[in-house]
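Please work through the following exercises with the sequence and the structure at hand, trying each task before reading its solution.

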Amino acid sequence: MLSLIQAAGWPIWFLILTSLVAVALIVERFLSLKRDKVLPPRLLDEVLGLHRNRQITPELIQRLEASSPIGRVFASGLRQELARAT
């Protein structure tokens with residue numbers, strides 16, 4: 001294997017380095033984007049229930065925005081809904 005790398009010359013070192021970086025990025029994304037972090041259990045049901053009961057407040061939107069990545073998406077939509085309602 002080492003003889004193949006030596007025979008390929010200097011361009012192979014760039015390919016090896018970029019491959020290692022790509023694997024590191026894949027592992028990092030896999031660990032940081034776990035389903036429970038991105039979409040906490042029952043968050044959608046809670047948001048829909050609060051929306052149906054018209055219990056959306058600016059404070060709730062701020063807490064939702066800080067809770068998770070999908071919470072930021074929900075908060076943006078609810079903020080627009082709240083702005084249209086007034």
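The exercises below move from the overall fold to the core, a loop residue, the surface and the salt bridges.

The model is predicted, so local features need pLDDT of at least 70 and side-chain atom pairs count only at pLDDT 80 or more, while totals for chains, interfaces and linings use all residues. Residues are numbered from 1 along each chain as its sequence is written, and side-chain values use heavy atoms, with hydrogens and water left out.

**Exercise 1. Overall form**

Determine which elements make up the protein chain and how its radius of gyration relates to the globule rule.

Solution. Begin with the elements, which are DSSP runs numbered from the N terminus (helices: H or I, at least four residues; strands: E, at least two). The protein chain has 6 helices and 0 strands. Next, take the radius of gyration, calculated over C-alpha atoms, and the globule rule, which is 2.2 Å times the number of residues to the power 0.38. The radius of gyration is 23 Å, well over the 12 Å that the rule gives for 86 residues, so the protein chain is more spread out than a compact globule. Along the principal axes, the C-alpha atoms fill a box of roughly 70 × 25 × 15 Å. Finally, buried residues (under 20% relative accessible area, with exposed over 50% and partly exposed in between, using a 1.4 Å probe and protein chains only) make up 14% of the 86 residues.

**Exercise 2. The nonpolar core**

Identify the residues of the largest nonpolar core and the elements that give two or more residues to this core.

Solution. A nonpolar core is a set of buried Ala, Val, Leu, Ile, Met, Phe, Trp, Tyr and Cys residues joined through side-chain atoms within 4.5 Å. By this criterion the largest one has 9 residues, namely Leu43, Val47, Ile56, Leu60, Ile61, Leu64, Phe74, Ala75 and Leu78. Helix H4 (43-52), helix H5 (58-67) and helix H6 (69-85) are the elements that give two or more residues to this core. As a closer look at one member, and not counting residues up to four places away in sequence, Ala75 touches Ile61, Leu64 and Glu65, where contact means heavy atoms within 4.5 Å.

**Exercise 3. A loop residue and a surface residue**

Decide whether Ser68 is buried or exposed, and do likewise for Phe30.

Solution. Ser68 lies in the loop between H5 and H6, and its relative accessibility of 4% makes it count as buried. Leaving aside neighbours within four places in sequence, Ser68 is in contact with Lys37, Val38, Pro40 and Leu43. Phe30, by contrast, lies in helix H2 (residues 11-32) and counts as exposed, at 62% relative accessibility.

**Exercise 4. Salt bridges**

Locate the salt bridges of the whole structure and state where the partners of each lie or how accessible they are.

Solution. A salt bridge is a side-chain nitrogen of Lys or Arg within 4 Å of a carboxyl oxygen of Asp or Glu, and the search finds 3 of them. One joins Arg29 to Glu28, with the closest N and O atoms 2.8 Å apart; Arg29 is partly exposed at 42%, as is Glu28 at 36%. Another pairs the side chains of Glu65 and Arg79 at 3.1 Å, N to O. Because Glu65 lies in helix H5 and Arg79 in helix H6, this pair ties together parts that are 14 residues apart in sequence. The side chains of Glu81 and Arg84 also meet in a salt bridge, at 3.9 Å, N to O; both residues lie in helix H6, 3 residues apart, about one turn of the helix.
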